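User: I am new to this structure and would like to understand the reasoning behind the terms used for it. Could you take me through them?

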Amino acid sequence: MVDSFILGGFMKFFIDTADVDAIKTAYDMGLVDGVTTNPSLIKQAGKDHEATIREIASFVPGPISVETISTTTQGMLDEAEIYQTWGQNIVIKIVMSPEGMQAVKYLSAKGIKTNVTVTFSAAQALIAAKAGATYVSPFVGRLDDIGHNGMDLIEQIRTIYDNYSFQTKILVASVRNPIHLLDAALIGADVATVPPKTLQQLFKHPLTEKGIEQFLEDAKSFSTNG
Ligand code: G3P
């Protein structure tokens, strides 16, 4: 965390969706440093995979994670080769598995960016870093769902990575609410990937709404606009 301050780093906001309109809206507000997708999000968006990623890549300059679906290392590498032709800044998202880590090691040696996904333990994050992953994605919301504290995991990974100066970036995923985002920033995570609904929640505060309402009411006394 100290390093990120010295180097002037700050927590990046990625958006966790394949909904192009939602990405555009958030991007126009300066809230999109990158995009993460997965097979479930592509299914939810209901459009062609390649066309969707190409469209996102046409206006988002930051990293766009695209997930491989093969279960073999070679299959993942073949998919990675195709995905890289879909945009300038494609990150190959690979599941935590022995086959996956072999693919990550190979890709990182070639300078291709990777994101190790569906991780739930600090040991898995350590393995991902050893393989040379660019990002590791611990799923905090899904840990909370089964009665664990997802943010405790982020703290552990931060400590381990800082202890040994691993360059792998902690990308907090499965973010479900603004508190997850705040905790990620307090711990010093490198990135939080946030679904559009949670991004909208960040704007909300009852005192903000009340304050705006009052200003608009008072403005009627002198405004000619309405
Ligand atoms: O990018 C994958 C991750 O964010 C999944 O979130 O809400 O399906 O657990 P969720």
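**The ligand and a salt bridge**

Analyst: This is a predicted model, and the ligand in it sits in the second largest pocket.

User: Which residues are around the ligand?

Analyst: They are Asp16, Asn38, Lys93, Phe139, Arg142, Ala173, Ser174 and Arg176. By class, this shell has two nonpolar, two polar and four charged residues.

User: What makes the approach of Asp16 to the ligand a polar contact?

Analyst: A polar contact is a pair of N or O atoms within 3.5 Å. A polar side-chain atom of Asp16 lies 2.5 Å from an oxygen atom of the ligand, and therefore the pair counts as a polar contact. Polar side-chain atoms also lie 2.6 Å from a ligand oxygen in the case of Arg142 and 2.9 Å from one in the case of Arg176. Of the 310 Å² that the ligand exposes when taken alone, the protein buries 82%.

User: Why is the pairing of Glu50 and Arg54 called a salt bridge?

Analyst: The term requires a side-chain nitrogen of Lys or Arg within 4 Å of a carboxyl oxygen of Asp or Glu. The side chains of Glu50 and Arg54 meet at 2.9 Å, N to O, so the pair satisfies that cut-off.

User: Where do Glu50 and Arg54 lie?

Analyst: Both lie in helix H4 (residues 49–59), four residues apart, which is about one turn of the helix. The structure holds seven salt bridges.

Terms used
Residues numbered from 1 in each chain as written. Predicted model: local features only at pLDDT ≥ 70, side-chain atom pairs only at ≥ 80, totals over all residues. Heavy atoms only, no water. Near = heavy atom within 4 Å. Polar contact = N/O pair within 3.5 Å; in protein donor to acceptor, adjacent residues only side chain to side chain. Areas by Shrake-Rupley, 256 points an atom, 1.4 Å probe, with all protein chains shown as cover. 1 Å grid on protein atoms, 1.4 Å probe; cavity = no way out; pocket = protein on both sides within 12 Å on 5 of 7 lines; lining within 4 Å. Sits in = over half its atoms within 2 Å of the grid points. Nonpolar A, V, L, I, M, F, W, Y, C, P; charged D, E, K, R; others polar. Helix = DSSP H or I, 4+ residues; strand = E, 2+ residues; numbered from the N terminus.
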